[in-house]
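Trainee: Please give me a close look at the ligand site, and then follow the elements around it into the rest of the fold.

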Amino acid sequence: MKRIAIVGGGIAGLSAAFTLEKQRLSGVAVEYTLFESSSRFGGVLATEEVDGCQIEAGPDSFLTEKPWASDFCRELGIGEQLVASNDADRKTYIVVRGRLIAIPDGLMFMVPTKVLPTVFSPLFSLRTKLRMAREWFHPPRKAQADETVASLVERHYGTEMVDRLADPLLSGVYGGGASELSVRAALARFAEMEAKYGSLGRGMLAAHRKMGRSTKAARPPLFTALTGGMQAIADTAVSQLTASALRPNSLVQSVQPQTNGWVVSAGYASDHFDAVIIATPAHIAADLVEIASSALASELRSVQYTSSITVNLGYAGNVRQMLPPGFGFLIPRSEGTRMMATTFVHTKFPHRAPLDRALLRCFIGGARNEALLDAPDDQILTIVCGELAQIIGLRAQPLFTRVYRWRRAMAQYPVGHLDRLLRIDALLQQLPGLALAGNGYRGIGVPDCIRTGDEAAKKCLAALGLATGTRESMSPAM
Ligand SMILES: Cc1cc2nc3c(=O)[nH]c(=O)nc-3n(C[C@H](O)[C@H](O)[C@H](O)COP(=O)(O)OP(=O)(O)OC[C@H]3O[C@@H](n4cnc5c(N)ncnc54)[C@H](O)[C@@H]3O)c2cc1C
């Protein structure tokens with residue numbers, strides 16, 4: 001019987017455990033132990049029920065186009081809980097000089113694919129509109145060194161597009177802005193489109209047509225969530241794992257190689273395993289492997305993380321009529337606010353609030369707001385409510401509030417991240433039986449974390465000679 005330890009019971013660790021559980025049930029001679037430092041599993045996936053509203057403390061949904069989360073839910077038997085974002089009412093605004101301006105129809109991420117709505121949109125100056133027209137004739141560009149998202153977007157559409165769209169859109173996902181993130185790591189598709197088509201607009205339209213032709217189905221929703229809340233994914237996974245394999249309240253201090261395996265130390269106990277999956281944020285993984293490989297620890301430590309705060313505000317139902325229609329708004333850095341985005345939750349996911357309630361979720365994050373993490377709730381609420389009053393004129397008193405702080409939870413992928421991953425892969429080759437999973441490496445969203453957990457489990461099974469039909473998508477060393 002081979003034994004595999006998983007350190008970290010967030011969604012990546014749970015996904016790894018689930019893959020191992022399935023193998024165990026199918027007769028593979030493997031058992032596993034899942035160490036989680038806190039009392040609950042799920043990591044940043046956390047759902048709370050307040051006053052009839054479903055509050056998401058961490059991620060509120062996932063991108064539908066990345067299949068691994070929906071597939072995982074179906075495997076867990078909760079496929080019927082998958083719920084689409086209410087895209088019929090999807091409209092997102094950008095705050096420009098204190099005013100809300102709708103993102104025009106046909107803008108895919110930040111690439112215009114429809115002429116008229118963009119031409120008539122007040123979101124962009126005439127200068128940017130002219131650049132958009134010229135962009136259509138951009139010649140293909142040979143693959144060059146990696147660059148920031150800001151630099152690629154600026155080359156195609158100018159700085160206004162970076163400030164008004166690229167930056168706020170990316171800040172909502174990574175907590176970091178376009179001038180920090182690597183195109184190849186965060187938006188590889190854009191680099192590929194530029195190399196093939198030159199124009200991102202033409203590239204996006206081609207991809208769109210191809211998708212339309214191949215599926216012939218109704219357009220899938222942009223976001224997917226669960227009727228039972230995001231935490232339902234974690235809770236259901238936990239309920240299907242072997243109970244005796246679960247170790248909550250177990251902070252792992254080190255993971256050290258030994259002859260024929262690894263020793264995992266948690267509290268006063270040490271246990272021997274044949275392989276180990278570390279599914280914590282990379283900066284914690286760094287501390288765990290310091291003794292095993294200081295070179296690997298140093299690479300892992302250099303993966304930067306930002307913190308974030310989500311603020312949920314529940315109001316009486318009449319507040320719905322005071323809000324502009326749509327999913328909410330994003331705020332460019334240049335506006336100088338602390339908030340980066342607000343979602344009108346009751347519109348985006350109507351099941352999350354009864355009709356007599358309005359539910360707002362505000363997002364504060366990134367390096368510029370790090371100091372706020374230590375501020376008391378009252379101070380954070382004063383800032384958020386003040387900015388809501390200033391931007392959308394909302395002065396109603398919330399009936400309830402919830403503030404959640406996530407310290408160093410969102411990985412950043414700056415230029416050079418992919419090279420770092422190659423160095424990490426090379427160092428892992430020297431440490432057989434060790435695998436990494438989670439948001440520090442090849443995708444920050446919930447679907448990617450689920451995928452990396454599955455891949456790490458399969459990598460360990462293969463290393464132990466228990467391979468069971470490795471997926472083609474599996475990366476060699478993660
Ligand atoms: C506020 C917020 C909003 C987000 N919104 C979205 C979204 O809408 N859609 C989306 O797709 N993604 C979103 N993300 C990103 C996504 O949710 C995360 O990247 C992903 O869930 C991370 O999962 P993980 O398992 O890698 O890490 P985590 O969830 O961080 O789990 C790591 C686990 O390891 C445990 N641990 C740490 N140290 C130790 C130790 N020494 N010993 C044992 N256990 C340890 C921790 O307690 C934790 O449970 C969001 C993230 C945040 C923070």
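Mentor: I will start at the ligand and work outwards from there.

This is a predicted model, in which local features need pLDDT of at least 70 and side-chain atom pairs count only at pLDDT 80 or more, while totals for chains, interfaces and linings use all residues. Residues are numbered from 1 along each chain as its sequence is written, and side-chain values use heavy atoms, with hydrogens and water left out.

The ligand is surrounded by 36 residues, where a residue is near a molecule or strand if one of its heavy atoms lies within 4 Å of it. Glu36, Ser61, Asn439, Ile444 and Val446 are the closest. By class, this shell holds 20 nonpolar, 14 polar and 2 charged residues; Ala, Val, Leu, Ile, Met, Phe, Trp, Tyr, Cys and Pro count as nonpolar, Asp, Glu, Lys and Arg as charged, and the others, Gly among them, as polar.

Polar backbone atoms of several residues face the ligand. Val446 has one 2.8 Å from a ligand oxygen atom. Ala12 has one 3.0 Å from an oxygen atom of the ligand, and Ser37 has one 3.0 Å from a ligand nitrogen atom. Taken alone, the ligand exposes 1000 Å², of which the protein buries 90% (accessible areas by the Shrake-Rupley method with a 1.4 Å probe; for residues, only the protein chains shown count as cover). Helix 1 (11–25), strand 17 (305–316), strand 21 (400–411) and helix 16 (446–463) each give two or more residues to the shell. Helices (H or I, at least four residues) and strands (E, at least two) are DSSP runs, numbered from the N terminus.

Helix 16 leads to a helix pair. Helix 2 (residues 68–76) packs on helix 16 at an angle of about 65°, and their axes are 7 Å apart; axes are lines fitted to C-alpha atoms, for helices over the stretch in contact, and angles run from 0 to 180 degrees between N-to-C directions. Helix 2 brings Trp68, Ala69 and Phe72 to this contact, and helix 16 brings Val446, Pro447, Asp448, Ile450 and Arg451 (contact means heavy atoms within 4.5 Å). Of these contact residues, 6 are nonpolar, none polar and 2 charged.

Strand 17 and strand 21 lead to a sheet. They belong to an open sheet of 7 strands with the order 8-7-18-19-20-17-21 and mixed pairing; two strands pair if DSSP finds at least two bridges between them. Strand 8 (99–102) and strand 21 are the edges, and each has a single partner strand, so one side of each lacks a neighbour in the sheet. Neighbouring strands are turned by 25° against each other on average, direction ignored. Within this sheet, 3 bridges join strand 7 (residues 92–96) and strand 18 (residues 328–330) in the parallel sense, and Thr92 has Gly328 of strand 18 as its bridge partner. Helix 14 (residues 377–392) packs on the sheet, touching among others strand 17 and strand 21, and its direction makes about 70° with that of strand 17.

The model also has an open sheet of 3 strands, in the order 13-14-15 with antiparallel pairing. Strand 13 (residues 252–258) and strand 14 (residues 261–266) are joined by 6 bridges, and Ser254 is paired with Ser265 of strand 14. The two strands form a hairpin with 2 residues between them, where Asn260 in the turn has a positive phi of about 60°. Strand 14 pairs with strand 15 over 5 bridges, with Ala266 opposite Ala269.

Note on methods
Polar contact = N/O pair within 3.5 Å; in protein donor to acceptor, adjacent residues only side chain to side chain.
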